[in-house]
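Let's take a walk through this model together, starting where the chains meet and ending at the ligand.

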Amino acid sequence: MWRDVRAELAKQAYRPASWLLLAIGVVLSATFAHAVPYAGYRGAASGAPGAGRGLAEMLPAQFAGNAIAGTPVFVGALALIFGVLVAGGEYGYATWKTVLVQQPSRATVYTAKLVTVAVGALLLVLALLAVSAAASAVIAALEDQPGGWPSGTAVLRGAGAGWLVTTMWGTLGVLLAVALRSVALPVGLGLVWLLAVQNLLAAIAAPLLDWVAALQKGLPGANAGSLVAALGAPTGTPGVAPLVGAGQAALVVAGYLAGFALLAGWLLRARDLD
Amino acid sequence: MTTNPVETHGLGKRYGGTVAVRDLDLTVRPGEVYGFLGPNGAGKTTTLRMLLGLIRPTSGGVRLFGAPPGPGSLRHVGALVEGPAFYPYLSGRRNLAVLADHAGVPRSRAGTALARVGLTGRAGDRYSGYSLGMKQRLGLAAALLKEPRLLVLDEPTNGLDPAGMAEMRRTIRALADGGCTVLLSSHLLAEVEQICDRVGVLHGGRLVAESTVEELRTGGALRVVAGPEDRARDRVVALLGAERVRADDGGALLVDVERDQAPRVNAELVRAGVDVHELCWSEPDLERRFLELTGGDPDVA
Ligand SMILES: Nc1ncnc2c1ncn2[C@@H]1O[C@H](COP(=O)(O)OP(=O)(O)OP(=O)(O)O)[C@@H](O)[C@H]1O
Ligand SMILES: [Mg+2]
């Protein structure tokens with residue numbers, strides 16, 4: 001089993017796209033959590049989103065929340081693409097047969113893929129934390145502010161929440177790839193859901209229709225947003241809003257993760273592989 | 001008693017209305033090279049996929065070394081199914097290293113396998129830059145990683161140049177001589193004839209003929225070009241009986257006799273004053289046999 005994990009990790013580590021996704025996540029996060037708000041604070045770009053944020057939100061004390069603020073939507077989208085690549089690559093390159101005739105069971109390879117998605121998500125979250133910490137320290141130095149850091153527990157909880165949310169989106173990517181047996185369509189549909197449908201529901205449908213508002217509280221994005229909001233992500237960020245309590249949100253997100261994983265595993269087991 | 005590397009019983013696969021394979025009973029014995037011959041769409045690849053557990057039969061079953069296909073029974077099986085498929089962004093060597101991990105064998109086997117297929121020089125290059133023949137070689141190298149006791153190869157010479165084909169056949173033969181059982185598919189009769197011990201002809205998902213290559217080769221005839229034609233024919237018929245003599249398209253006689261009877265036929269003709277222009281042994285027209293067996297229909301099955 002661990003050798004299958006090693007094989008899966010190697011497949012992703014040597015794939016340039018994986019690192020590109022990580023780099024995009026880090027750059028976007030640094031831009032929207034620190035660079036743009038700071039520029040806005042300095043009066044340079046007053047119309048930009050997040051530009052009105054106060055200095056206190058950019059300082060080291062808030063770095064963990066800022067780091068994971070993107071996970072409900074855009075960082076989540078990157079994690080979803082990663083998940084699609086991990087599972088869908090085998091369909092796209094027609095390599096399932098190449099792998100499976102070497103004798104590992106489907107269940108073993110599949111589990112190794114889930115582990116790989118979790119490892120990738122962890123790396124992404126750690127990178128976001130590191131960049132957020134560095135950016136906040138720079139801002140504190142520039143503004144001559146005291147660099148009070150959050151407690152270790154707070155950072156760990158933020159990291160854990162970010163990891164849970166990104167792994168959940170990555171697993172949704174795995175499910176879409178297995179269900180649709182490809183790469184392009186799952187990425188497209190996943191992004192439509194994450195970036196468009198969720199936003200439309202939250203911004204347009206939920207305020208008009210009570211039942212949509214109620215339904216929304218059961219969706220993965222809203223729960224992910226509530227979870228990171230509870231752990232310090234600024235609520236101005238798209239998708240971040242405290243709709244439900246943190247404990248419930250964590251449970252629902254974990255439930256979706258498990259559900260996606262089980263459903264994809266069942267589909268992979270049940271169907272023929274060309 | 002040794003268990004047969006491959007056994008299928010009533011094996012069938014249906015895709016909606018298409019029956020890809022029907023009621024197939026196949027046995028591949030230890031140490032033999034079994035050729036699976038059939039035109040496009042005959043069901044060769046489908047059968048091999050079922051053997052390897054990639055797709056599920058809709059009827060019947062498969063045994064590999066006595067066990068159903070799965071991680072256990074695939075331990076000693078190397079396979080190349082319907083063309084090579086690898087990660088394009090990895091080098092040939094790294095591809096094999098990843099597969100060695102999946103196979104649970106040392107990564108160092110990658111180097112050995114690459115050497116065996118003559119790919120060592122390009123092993124560090126990305127797979128996406130390989131030529132078709134190099135990809136095919138890497139496919140064989142992957143099949144050899146486990147040092148298998150059964151090799152399942154789907155059209156292994158596809159895409160190879162003539163030298164590459166000859167080399168691939170030599171490699172397969174050498175593996176077989178080393179005790180490895182081989183099941184290979186092909187639509188090239190000549191290829192199967194060269195490297196196989198036994199041949200099964202698949203057509204429309206059915207095994208329509210099965211024989212040893214020796215048996216296929218028998219049925220050759222003595223080809224006689226002599227004149228006048230009817231006199232020559234009368235003499236040979238008098239000597240051997242009418243059922244042994246037929247004419248081919250070009251007016252030559254095809255005489256169904258043992259090889260050592262040729263001098264007798266010749267002597268008889270000469271004695272009767274017939275001019276013998278040509279007397280030669282004609283190999284059986286395997287291509288025609290094959291077409292007969294598969295209905296000679298140029299359309300896909
Ligand atoms: N996934 C599939 N869905 C539907 N039909 C299929 C599928 N796979 C194979 N078939 C059908 O099964 C039949 C046998 O196909 P198969 O690939 O086994 O032929 P083959 O003997 O390998 O041919 P070739 O020499 O062209 O490789 C064909 O009619 C094919 O269309
Ligand atoms: Mg085929």
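Which side chains meet in a salt bridge at 2.7 Å, N to O? In this predicted model, they are those of A:D272 and B:K13.

## Where the two chains meet

That pair belongs to a wider picture: three salt bridges are found across the interface of chain B and chain A, along with 25 residue pairs in polar contact. On the chain B side, β5 (77-80) and α2 (92-103) each supply at least two of the residues that touch chain A. The largest share, seven residues, comes from α2(B). Sorted by class, this side of chain B has 22 nonpolar, ten charged and four polar residues.

How much area is buried between chain B and chain A? The figure is about 2,900 Å², and carbon and sulfur atoms give 52% of it. Three residues are worth finding on your screen: B:L54, B:Y89 and B:H102 supply 25% of the area that chain B buries against chain A, more than any other three residues. Counting residues, the contact takes 31 from chain A and 36 from chain B.

## Around ligand 1

Now to the ligand. Ligand 1 is surrounded by 13 residues, and the closest are B:G41, B:G43, B:K44, B:T45 and B:T46. The shell divides into seven polar, four nonpolar and two charged residues. Its largest share, three residues, comes from α1(B), while β2 (18-28) of chain B also supplies at least two.

Oxygen atoms of ligand 1 have polar partners in chain B. A polar side-chain atom of B:T46 lies 2.5 Å from one such oxygen atom. Backbone atoms take part too: a polar one of B:G41 is 2.7 Å from a ligand oxygen, and a backbone N or O atom of B:A42 lies 3.1 Å from one. On its own, ligand 1 has 640 Å² of accessible area, and the protein covers 69% of that.

Key:
Residues numbered from 1 in each chain as written. Chains lettered and ligands numbered in written order. Predicted model: local features only at pLDDT ≥ 70, side-chain atom pairs only at ≥ 80, totals over all residues. Heavy atoms only, no water. Contact = heavy atoms within 4.5 Å. Buried area = accessible area lost by both parts, 1.4 Å probe. Salt bridge = Lys/Arg side-chain N within 4 Å of Asp/Glu carboxyl O. Polar contact = N/O pair within 3.5 Å; in protein donor to acceptor, adjacent residues only side chain to side chain. Helix = DSSP H or I, 4+ residues; strand = E, 2+ residues; numbered from the N terminus. Nonpolar A, V, L, I, M, F, W, Y, C, P; charged D, E, K, R; others polar. Near = heavy atom within 4 Å. Areas by Shrake-Rupley, 256 points an atom, 1.4 Å probe, with all protein chains shown as cover.
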